[in-house]
Each structure stands twice: as structure tokens, then as C-alpha cells.
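Here is a short report for a reader meeting this structure for the first time. Please look at the sequence and the fold before reading on.

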Amino acid sequence: MQTTTIPVATLRDFVAAIFAAAGCEAEEAARIGRYLVSANLAGHDSHGVIRVPRYIHWLQLGYVRAGQRLSMVSEGPSHAIVDGNYGFGQTVAPLAVDLGIARARAQGLAVVGLRHAGHIGRVGDWGERAAAAGLVSLHFVNVAGGELVAPFGGVDRRFSTNPICIAIPDEQGGPLLLLDFATSLVAEGKVLVASQGGKPVPEDALIGPDGSISGDPRQLYGEIAGSHVRDAAQGLGALRTFGAHKGSGIALMCEILAGCLTGGGTSGPVAGGKRGRISNSMLSIYLDPAHLGAVDFVRQARDYAAYMAASRPSEPGGRVLLPGEPEAATRRARERDGVPLSTGTWAAICETAQALGVAAPA
Ligand code: NAD
């Protein structure tokens, strides 16, 4: 794969300039740049700056709105249901997390449902935000307005990629453990990356309408030559869930918890076969270990994680990794060396910038 490596600060500033040119206030544009680049730093290129052309497209269509705040739908001492008003996920998700942090600090635990948010990106960012406040958090996410994933035993799309995240804090404001993944065999963004010449997806990631299993991005996007903004309504196939019936079961629960409990809505048939506005909903649970009397929690969690990781390797030279370890290692390397992007991804971002009158960095 041919790549272009961009220094972190240059990439953040470039993305911020694109969103500012598209109509976002400087603060919001910078925040979107920060979180998208954060996903690249974590190694999740699927949720990084590759999203810029699509986010700008959605902004121009009015699917996502600049400058939104949360509207309170219902609240109590240990819960809140909030509406993101289709604001950028990078703006409304941290506001929702902060509500959960404040309530969990006061009550020991809190449940916060966010609905009608623009794409909230890498859910690990929100688990990390809660971990920085010393809280354990669990996040269940779905996508209303679109379907991409077939349930176990079926070929028709019924779910979105429905990620879950569980974050455990350490004592230094970081996550000790960060489990964060899509319930599809790969996140849709990884198919997007593959369709732009990036890392291929596994050979069993997609299923065709005839039940044939492959790693071909055209199952999702149809014929893809010449278009930079991929449209998942064009493909006839679907992503598959991970872990057979188990991943499919978790995906279903994400629809029920994030979609039905927040009021944000579930995945469902796409009107006229054309994907329109999509929105993320997230049901989050925040727990304060100290408040619950688990004063020794972090030490016990660290000791157990170390014991688990000390399991003898299954392959010579290998080792057991902790959830969050690959992301932390990639972050260290990319902060130092810059962010590698496939030339297709970089070209698509530069094309979007040019259309808005923003010059690409030299
Ligand atoms: P993935 O398959 O790379 O799995 C990542 C998780 O597995 C992390 O917790 C990581 O630390 C852990 N992990 C990876 N390799 C490991 C190893 N060898 N040993 C132990 N643990 C290991 O992630 P994914 O499913 O491709 O998801 C990528 C991102 O996409 C996530 O950040 C997710 O939140 C995001 N996403 C967002 C949406 C949305 O609607 N906003 C939808 C889907 C996915």
C-alpha cells in the first residue's frame, strides 16, 4: 500500500481548517480535528481523518449540524437522557460523557443515554474521557437510519456495526484497560479503508445476497471506481457479525439498549433504498469504584490483568496483550513519526479541502 505520512499537528490543523471553511466555529472545527486524528493515533484509521469527505458531505446535506448543544429529555440524580440534535458527535458525545461523570461522582453510578448524535467516531475516546475522571464506564452504541450487518444465520442487513466499549481507569488519568470494538467482524470504516487501497479486510468479513462469503468491499459499496464518497446503499451484500451467534446477540442488545432505551431508534429499512441521515445513539453506564467502596479496585484489576497477560504465549515470540495495549503502542509511535495515510485517503481529503478553498499542507 502506498502511504503519505503527515505530522500530527499538521493533520489536526488541516482537518480543522476544512471544517472551519465548511461553516464550523473555530473551537468545534479544532475539536473535530483533534478527535479524528486521535482515532488515527490509536491505530483506528477507519474512524480517523478518512471520515472527513463523508462528514463534510453530511454537513452540506444538513444530515449533521454545526454548533449544536444537548437538549435534556429526562433527568434525575443518577440518570439523563439527552438529545444531540444531530450535532457533530465530537461535540455532543463529550458533553454527554461529562453529564455522566458529574452524576456518577455525586451518586456512585449513573446512566446517560445520548440520542440523535452525529457520528461519534471512536467510542474509546468516550471511555478514555470517563477513565480520566477515575470512573469505570460501559458504552453500548447503535446507528439509527442505516443497516450494514447481517445477523448470524441471515444474509439481509439488520444491524449497524454497533460498537461496545468498556473502560477501566488507572490512577494516572489513563485507561488501565480499554475494550472497544464493533460487533461486526470489522468496522465499516475498515471496509472503507480497504476500498481506498488500504489494508484489506478478512476474507470472511462480508456476505453476499446469495450467502457467499468474501472480503470484497463491493459487497458494501457496489462498483467503487472513481467515487471518493462511498455509499453503502449501493452494495447488495452485508458485513457479518463477529463470533457467530455471540457477536450477533451483542449487536442485537446494542440496538435494544442504545436504540430503544434512549429513544434514538434502531437500525431499520432504508427508505427508498437510499441511505439518508444516520445518527448514533449511546447508552452509557458510569461507575465510581471509590463511591461503591471498592477502594482497592485499580490495584486488584491491574494485578489480575498482569496475571492474565502472563499466560504462556500460544505462538513462539508472541504474548498476551491487554485491551488498549495495541492502541497505546500505536499512539506512541504515531505521535513521534506522524500518521500514515493511504494515498487514496489523502487524495480524497485534499479534494474535499480544495472544493472548500483550503490549501493542502506542503
Ligand atoms: P478492533 O477489531 O481493532 O478491536 C479493538 C479492540 O480489541 C481494542 O479494545 C483493542 O485494544 C483490542 N485488541 C486488538 N488486538 C488485540 C490483541 N491482540 N489482544 C488483545 N486485545 C486486542 O476494533 P474494530 O471493531 O475495528 O473497531 C474500531 C473502532 O471503530 C472502535 O474504536 C469502535 O468504537 C469504532 N466504531 C464506531 C462506530 C460508530 O458508530 N461510531 C461503529 C463501529 C465501530
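The text below covers the nonpolar cores, the ligand site and one buried acidic residue, Asp125.

This is a predicted model, in which local features need pLDDT of at least 70, side-chain atom pairs count only at pLDDT 80 or more, and totals for chains, interfaces and linings use all residues. Residues are numbered from 1 along each chain as its sequence is written, and side-chain values use heavy atoms, with hydrogens and water left out.

**The cores**

A nonpolar core is a set of buried Ala, Val, Leu, Ile, Met, Phe, Trp, Tyr and Cys residues joined through side-chain atoms within 4.5 Å. Buried means under 20% relative accessible area, exposed over 50%, and partly exposed in between (1.4 Å probe, protein chains only).

The largest nonpolar core holds 31 residues. Phe19, Val49 and Val52 have the most contacts inside it. At least two residues each come from helix 1 (8-21), helix 2 (26-41), helix 3 (52-61), strand 13 (339-342) and helix 11 (343-355). Helices (H or I, at least four residues) and strands (E, at least two) are DSSP runs, numbered from the N terminus. Helix 1 gives the largest share of this core, seven residues. Domain 1 (3-61 + 327-355) and domain 2 (71-184 + 241-287) each provide at least three residues of this core. The domain bounds come from an automatic or database domain assignment.

Phe19 touches Cys24, Ala29, Ile32, Leu36, Val52, Tyr55, Ile56 and Phe88, not counting residues up to four places away in sequence. Contact here means heavy atoms within 4.5 Å.

A second, separate core has 25 residues, including Ala93 and Trp126.

**The ligand site**

Which residues lie closest to the ligand? They are Asp180, Ala182, Lys190, Gly324 and Glu327, out of 23 that surround the ligand (a heavy atom within 4 Å). Strand 8 (175-181) and helix 10 (325-337) each supply at least two residues of this shell. Strand 8 gives the largest share, four residues.

Three polar pairs (N or O atoms within 3.5 Å) are listed here.

| Residue, polar atom | Ligand atom | Distance |
|---|---|---|
| His47, side chain | nitrogen | 3.1 Å |
| Leu178, backbone | oxygen | 2.9 Å |
| Gly324, backbone | oxygen | 2.6 Å |

The protein covers 78% of the 860 Å² of accessible area that the ligand has on its own (Shrake-Rupley method, 1.4 Å probe).

**Asp125**

Asp125 sits in helix 5 (residues 124-132). Asp125 counts as buried because its relative accessibility is 7%. Its side chain makes a polar contact with the side chain of Ser38 (3.0 Å).

Methods
Polar contact = N/O pair within 3.5 Å; in protein donor to acceptor, adjacent residues only side chain to side chain.
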